[in-house]
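Open your viewer and get comfortable. We will go through a few selections one by one.

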Amino acid sequence: MVPVVPGSGFSPDDDAPVFVISVAATLAGMHAQTLRQYDRLGIVSPSRTRGGGRRYSGRDVALLREVQRLSQEEGISLAGIQRILELEHQVEALRSRVRELTDEVAGLRVATRGTFGSRVFAVGPTGDVIAVRAGERPRSGRSQALVVWRPSHRS
């Protein structure tokens, strides 16, 4: 979590690049050279100023702490940590896509509720499918087949 300076009116979010490398290293309990190495390897890549200086966010500091934990407590190599972080990123991207698709499906259900929710589809002898009102039979005299379709309202 990024600290808030009382009375400053400024409360950055976790993604705001506010910490120089020495402060980020202190907050993460690491040496600044370790942060540079992680940046070179692409494990934790901070934002850059116009002059090229690194600026770390609260989220970056939390990630540095997690990398340190995985390395020291779990004994995972840097290559293993990099792969774990890549997979976690993929999982988050997939979760985001699932949320988008769920919202889209919900929107389509609302949009089509009046259109398809009360319709019945009948199939004639030639395989033609026509929409009829609930309780009605197709108008052609030859077909007595009636197929009822009700949409599932499961989420």
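For residue classes on this tour, Ala, Val, Leu, Ile, Met, Phe, Trp, Tyr, Cys and Pro count as nonpolar, Asp, Glu, Lys and Arg as charged, and the others, Gly among them, as polar. This is a predicted model, where local features need pLDDT of at least 70 and side-chain atom pairs count only at pLDDT 80 or more, while totals for chains, interfaces and linings use all residues. Residues are numbered from 1 along each chain as its sequence is written, and side-chain values use heavy atoms, with hydrogens and water left out.

Begin with the largest pocket (on a 1 Å grid over the protein atoms alone, an open set of points where a 1.4 Å probe fits, with protein on both sides within 12 Å along at least five of seven lines; lining residues have an atom within 4 Å of a point). Select Ile43, Arg59, Leu63, Leu85 and His89, which lie nearest its centre among the 17 lining residues. By class, that lining holds five nonpolar, six polar and six charged residues.

Next, select residues 21–28, helix 1, and residues 58–72, helix 3 (helices are DSSP runs of H or I, at least four residues, numbered from the N terminus). Their axes, lines fitted to C-alpha atoms over the stretch in contact, lie 9 Å apart at an angle of about 50° (on a scale from 0 to 180 degrees between N-to-C directions). Show Ala24, Leu27 and Ala28 of helix 1 meeting Val61, Leu64, Arg65 and Gln68 of helix 3 (contact means heavy atoms within 4.5 Å). The residues of this contact are five nonpolar, one polar and one charged.

Finally, add helix 2, residues 32–41, whose axis comes within 8 Å of that of helix 1 and crosses it at roughly 100°. Here Ile21, Ala24 and Ala25 of helix 1 touch Ala32, Leu35 and Arg36 of helix 2.

Notes: Helix = DSSP H or I, 4+ residues; strand = E, 2+ residues; numbered from the N terminus.
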